[in-house]
Amino acid sequence: MMKSILIISLFSNFLWAAIPPNPQMKKVLDKLDEKGGRPVEHLSVEEARDQPTAPEAVKSISPKTKDNLAEVKDIKIQGADGKLKARLYRPKGKGPFPVVVYYHGGGWVLSDIDTYDATPRSLAAKTNAIFIAVEYRRAPENRFPAAHDDAFAAYQWVLKNAATFDGDPKRIAVAGESTGGNLALNVAIMARDQSLQIPIHELIIYPVASTKMNTLSYKVNGDAKPLNKAKMNWFFSKYLRSPQDKEDPRIDLLKANFRGLSPATIITAEIDPLQGEGRELAEKMERQGVDVTYRNYEGVTHEFFGMAGVLKEAQEAQNEASLKLQKSFEK
């Protein structure tokens, strides 16, 4: 086992059988089923964007709780091709605060900062840092590399403007879930390649890190909920311009160069087709000299991280991520 990667759980055998969710996770999935969503791979983009989401299922189970923040407000920031909607989450206390630029998931096609509100809202309080959750242009209206360009432009905006909202411009990290995890890591790579200040930490949660779809986790979890192989193919078909884009290291992150990046935390879920590529990403980054902490959480699915109100594993994952971010802020 590599020194800086602690793997909490791996598949215990190679039987290609569905893994049952734990009782808390199953309750969320059952509630999502009750809402009557249809598989997005059979829908138009407009229909897919109207489908019930996992966060909506969580809200049906657990009422909204007090967020313990000083301020939450919507703002506008500069993207690569115009203004972008963003949301600022400010913790209580006196600044200047560290800043985390957060990118939501949704396959570059679905979702927005409202869908993924729970993660930055919770982590801003836990880390005592300002979170800036940013929108980016979605596909198929805006195909690759539009979302990637917007993600980097948003990071550059935060670098230039952090002091104006009581942020510390020397302590800026990035974070993201799913395709947002892909964007966050790409931002760090682009900052390094353009000789800009690199993020002091990358929090990467069940990232899209490959286009091969041939890992064991894809075989075991190919029909999982809320993310499966068919849905991933649908996302790629909407965002990528051509099959050749699947080979681009911005999409297939396992082909990217990570040398010189700051410490990273990578979190995956056991019942997720992306689990295997997330683990491979952690291993490659570690081989290239990045200080990586990897955690895989058993019995939970893709999108579990923002479900701290109903899932013990989400609480544990958020606490772990917060500790790693705070450690980087203190250096």
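User: Which strands does α9 lie across, and how does it run relative to β7?
Analyst: α9 lies across β6, β7 and β8, and runs at about 155° to β7. Axes here are lines fitted to C-alpha atoms, for helices over the stretch in contact, and angles run from 0 to 180 degrees between N-to-C directions. Angles under 35 degrees count as roughly parallel, over 145 as roughly antiparallel, 65 to 115 as roughly perpendicular and the rest as oblique, so α9 and β7 come out as roughly antiparallel.

User: What are these values based on?
Analyst: This is a predicted model, where local features need pLDDT of at least 70, side-chain atom pairs count only at pLDDT 80 or more, and totals for chains, interfaces and linings use all residues. Residues are numbered from 1 along each chain as its sequence is written, and side-chain values use heavy atoms, with hydrogens and water left out.

User: What makes β7 and β8 a pair?
Analyst: Helices (H or I, at least four residues) and strands (E, at least two) are DSSP runs, numbered from the N terminus. Two strands pair if DSSP finds at least two bridges between them. β7 (residues 264-271) and β8 share seven, in the parallel sense, so they qualify. For a landmark, I267 stands opposite R295 in β8.

User: And which hand does the crossover from β7 to β8 have?
Analyst: The chain goes from β7 through α9 (residues 275-287) to β8, and this β-α-β crossover is right-handed. That label applies if, with the strands pointing away from the viewer, the path from the first strand over the helix to the second runs clockwise.

User: Why is β8 called largely enclosed?
Analyst: Buried means under 20% relative accessible area, exposed over 50%, and partly exposed in between (1.4 Å probe, protein chains only). Nine of the 10 residues in β8 (residues 292-301) are buried, so the rest of the structure largely encloses this strand.

User: How do you know which strands are at the edges of the sheet?
Analyst: Start with the order: the eight strands of this open sheet run β1-β2-β4-β3-β5-β6-β7-β8, with mixed pairing. β1 (71-79) and β8 each pair on one side only, and those are the edge strands. On average, neighbouring strands are turned by 20° against each other, direction ignored.

User: What are the partners of β3?
Analyst: β3 pairs in the parallel sense with β5, over six bridges, and with β4 (residues 130-134), over five. In β4, the bridge partner of V100 is F131. From β3 the chain passes through α4 (residues 118-127) to β4 in another right-handed β-α-β crossover. β3 is also mostly covered, with seven of its seven residues buried.

User: Why is T179 called buried, and what touches it?
Analyst: T179 sits in helix α6. Its relative accessible area is 1%, so it falls below the buried cut-off. Contact means heavy atoms within 4.5 Å. Leaving aside neighbours within four places in sequence, the contacts of T179 include G106, W108, Y136 and V208.

User: What makes T179 and G106 a polar contact?
Analyst: A polar contact is a pair of N or O atoms within 3.5 Å; within protein, one must be able to donate a hydrogen and the other to accept it, and residues adjacent in sequence count only if both atoms are side-chain atoms. A polar side-chain atom of T179 lies 3.5 Å from the backbone nitrogen of G106, so the pair makes the cut.

User: Why is L216 not classed with the buried residues?
Analyst: L216, in helix α7, has 21% relative accessibility, so it counts as partly exposed. M213, in the loop between β6 and α7, has 10% and counts as buried.

User: Why are α1 and α3 called roughly perpendicular?
Analyst: Helix α1 (residues 23-34) and helix α3 (residues 54-61) pack at about 105°, with their axes 8 Å apart. That angle is why α1 counts as roughly perpendicular to α3.

User: What makes the backbone at W108 and at P140 worth a look?
Analyst: Most residues other than glycine have a negative phi, and most peptide bonds are trans. W108 has a positive phi, near 65°, and is buried at 0% relative accessible area. A cis peptide bond joins A139 and P140, with omega about 0°, and P140 lies in the loop between β4 and α5. K225 and P226 are joined by a cis bond too, again with omega about 0°.
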